[in-house]
Amino acid sequence: MEILMAFVIGILFMSATYLMLSKSLLRIIVGTGLLSHGAHMLILTMGGLKTGSAPLLGEKAPYTDPIPQALILTAIVISFGVTAFFLVLAYRAYQELGTDNMDRMRGTEGND
C-alpha cells in the first residue's frame with residue numbers, strides 16, 4: 001500500500017509543481033492546494049499505514065499512532081485558511097487590475 005501511496009504523492013507533487021509554474025493566478029492557487037494535499041498524504045504514509053484500535057491506557061492491543069493524524073488535521077485547517085486568503089487576494093487583484101496573468105500584474109509597463 002505504501003508503494004501506491006508513494007506514486008499518488010509523486011503525481012500530486014508533479015501536478016502541483018506544474019500548476020504553480022504557470023502564469024495564471026488561479027492555477028497557482030490550485031497548485032498550492034494540491035501541494036498541501038500531497039504533503040498531508042506524505043505525513044500519513046510516513047507515520048505508517050497500520051490498522052489497530054484507539055490508543056487507550058490499560059489495553060495491550062496494537063494501536064495506531066495518533067500523532068501523524070493530529071499533525072495532518074492541524075495542517076488541513078492551516079491550508080484551508082491560507083487557500084481562502086489566497087482566493088480573496090486573487091479576487092481583489094482581479095478587481096483592481098482586470099487580469100489574473102502574472103506577467104501583466106508585474107507592472108513593467110512605463111517603468112523604463
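1. Start with the first two helices of this predicted model. The axes of α1 and α2 come within 8 Å. They cross at roughly 160 degrees. Angles over 145 degrees count as roughly antiparallel, so α1 and α2 are roughly antiparallel to each other. The crossing of α1 past α2 is left-handed.

2. What kinds of residues make up the contact of α1 with α2? The contact divides into 15 nonpolar, six polar and two charged residues.

3. Now the charged pairs. Side chains of opposite charge can pair when their charged atoms come close. How many salt bridges does the model hold? The count comes to two.

4. One salt bridge joins the side chains of K23 and D103, with N to O at 3.0 Å. This pair links distant parts of the chain, 80 residues apart. K23 lies in the loop between α1 (2–20) and α2 (25–47). D103 belongs to helix α4 (residues 102–105). Is D103 exposed, partly exposed or buried? At 33% relative accessibility, D103 is partly exposed.

5. R92 and E96 form a salt bridge as well. Their closest N and O atoms are 3.1 Å apart. Where do these two residues sit? Both are in helix α3 (residues 66–97). They are four residues apart, so about one helical turn separates R92 and E96.

6. Check the exposure of that pair too. R92 has a relative accessible area of 46%, so R92 counts as partly exposed. E96 reaches 54%. The cut-off for exposed is over 50%, so E96 is exposed.

Note on methods
Residues numbered from 1 in each chain as written. Predicted model: local features only at pLDDT ≥ 70, side-chain atom pairs only at ≥ 80, totals over all residues. Heavy atoms only, no water. Salt bridge = Lys/Arg side-chain N within 4 Å of Asp/Glu carboxyl O. Buried < 20%, exposed > 50% of the residue type's maximum accessible area, 1.4 Å probe, protein only. Axes fitted to C-alpha atoms, helices over the stretch in contact; angles between N-to-C directions. Parallel < 35°, antiparallel > 145°, perpendicular 65-115°, else oblique. Left-handed = near helix turned anticlockwise from the far one by under 90°. Nonpolar A, V, L, I, M, F, W, Y, C, P; charged D, E, K, R; others polar.
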